[in-house]
Amino acid sequence: MAELPLQVRDHDQTEMSAAVGVLARGMRDNPGHIAAFGPDPDRRRSALAAMFSALLGAVPTLERICAEQEGDIVGFAAIAPPGTCRVSLVQKMKIASSIAKVMPGALPRVLSWQGIWARHDPDEPHSHFGPIAVDAGRQGHGIGSRLMTEYTDRLDAAGHLAYLETDKPENVTFYQRFGFEITGEAAVLGNPNWFMSRKPATR
Ligand SMILES: CC(C)(COP(=O)(O)OP(=O)(O)OC[C@H]1O[C@@H](n2cnc3c(N)ncnc32)[C@H](O)[C@@H]1OP(=O)(O)O)[C@@H](O)C(=O)NCCC(=O)NCCS
């Protein structure tokens, strides 16, 4: 069956709840989210929706790319441009208080996870990629690859180093297809996590 037309473009401020829905549904079953937010899928989705809604609201400097199909946002990625990924204490507190409202018990686990990621953050200026998700039920049909192509084209045009974290081995393979290489590995809440970076293509 032919794939439906897909448009990859900048994400608009008015489409925030659609983006949060895609992230919360699409990332609901990632191992790190099960470890942080527990075994109940609906509670995990709610906690992720609260966390991503707070993140996108508290950090206005994030660049956002989306994939649209038949009028629906089906994929979404956020990017912290170089020099912006270390969020302020106020931003951290806004995000933490949103998580605490829906699942207070998860907060220490989220802080531990974020602390490990922060310790691996490279010192050199970098474009910090993520979160990215394709909606549940739409994964594996090339939508994420289209978002990555758009992102890596932008990286190469700007000459930016890129960096990301991931908690799934299949994602490592996915990112390697777009030029990312593993630069580190650590256990986060009992799961392996990989740290990856990508140099811009020389022109
Ligand atoms: C990772 C993700 C964005 C990739 O987008 P996608 O549209 O599913 O991927 P594509 O169809 O373009 O590419 C397929 C490749 O993605 C990888 N992949 C990772 N998770 C996958 C999934 N749930 N379903 C299918 N492919 C997946 C595989 O390497 C796959 O290659 P293969 O078909 O040779 O096995 C998407 O699967 C997703 O949202 N996953 C859940 C949330 C997540 O893990 N986000 C990234 C956090 S770092």
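This is a selection-by-selection tour of a predicted model.

**Stop 1: helix 1**

Select residues 16-26, which form helix 1. Eight of its 11 residues are buried, so the rest of the structure largely encloses this helix. To see which ones, colour Met16, Ala19, Val20, Gly21, Val22, Leu23, Ala24 and Gly26; these are the buried positions. Next, show what covers them: the cover includes helix 3 (41-58), strand 2 (63-69), strand 3 (72-80) and strand 4 (127-134). Three of these elements, strand 2, strand 3 and strand 4, come up again below.

**Stop 2: Asp72, in strand 3**

Keep helix 1 on display and add Asp72, a residue of strand 3. Asp72 is partly exposed, with a relative accessible area of 41%. Draw a distance from its C-alpha atom to that of Ala19 in helix 1: the separation is 9.9 Å, for two residues 53 apart along the chain. With neighbours up to four places away in sequence set aside, Asp72 is in contact with Ala67 and Arg138.

**Stop 3: strand 4 and its partners**

Select strand 4. Seven of its eight residues are buried, which leaves the strand mostly covered. Strand 4 has a pairing with strand 3, antiparallel, over five bridges. To find one point on that pairing, pick Phe76 and its bridge partner Ala133, which is in strand 4.

Now add strand 5, residues 162-166. Strand 4 and strand 5 run parallel and are paired over two bridges. Here the pair to pick is Ser127 with its bridge partner Ala162 in strand 5. Adding helix 6 (143-158) completes a right-handed β-α-β unit, made of strand 4, helix 6 and strand 5.

**Stop 4: the loop before strand 4**

Move to the loop between helix 5 (107-120) and strand 4, and select Asp121. His126 is in that loop too, between helix 5 and strand 4. Are these two residues buried or exposed? Asp121 has a relative accessible area of 9% and is buried; His126, at 4%, is buried as well.

Switch on side chains and add His128. Three polar contacts can be drawn among these residues, one at a time:

- Asp121 to His128, side chain to side chain, at 3.1 Å.
- His126 to Asp121, again between side chains, at 3.4 Å.
- His126 to His128, between side chains, at 3.3 Å.

Then widen the selection to the surroundings. Beyond four places in sequence, Asp121 touches Cys85, Arg86, His126, His128 and Tyr163. With its neighbours within four places left aside, His126 has contacts with Ala80, Pro81, Pro82, Gly83, Cys85, Asp121, Leu161 and Tyr163. Cys85 and Tyr163 are among the contacts of Asp121, and His126 is in contact with Cys85 and Tyr163 too.

**Stop 5: cysteines**

Stay with Cys85, which is partly exposed at 21% relative accessibility. The cut-off matters here: buried means under 20%, so Cys85 at 21% falls in the partly exposed class. For contrast, select Cys66, which is buried with a relative accessible area of 0%. How many disulfides does the model contain? The count is zero.

**Stop 6: Gly137, in the loop after strand 4**

Follow the chain into the loop between strand 4 and helix 6, and select Gly137. Gly137 is exposed, with a relative accessible area of 75%. A C-alpha distance from Gly137 back to Val20 comes to 16 Å; the two are 117 residues apart along the chain. Val20 is one of the buried residues of helix 1 from the opening stop.

**Stop 7: the ligand**

Finish by selecting the ligand and the 21 residues that surround it. Which residues are the closest? They are Gly140, Gly142, Gly144, Ser145 and Arg177.

Three distances to ligand oxygen atoms are useful to draw:

- From a backbone N or O atom of Gly144, 2.7 Å.
- From a side-chain N or O atom of Asn30, 2.9 Å.
- From a backbone N or O atom of Glu170, 3.1 Å.

For Gly144 and Glu170, then, show the backbone atoms; for Asn30, show the side chain.

Notes:
Residues numbered from 1 in each chain as written. Predicted model: local features only at pLDDT ≥ 70, side-chain atom pairs only at ≥ 80, totals over all residues. Heavy atoms only, no water. Buried < 20%, exposed > 50% of the residue type's maximum accessible area, 1.4 Å probe, protein only. Helix = DSSP H or I, 4+ residues; strand = E, 2+ residues; numbered from the N terminus. Contact = heavy atoms within 4.5 Å. Disulfide = S-S within 2.5 Å. Polar contact = N/O pair within 3.5 Å; in protein donor to acceptor, adjacent residues only side chain to side chain. Pairing = 2+ DSSP bridges. Right-handed = clockwise from strand over helix to strand, strands pointing away. Near = heavy atom within 4 Å.
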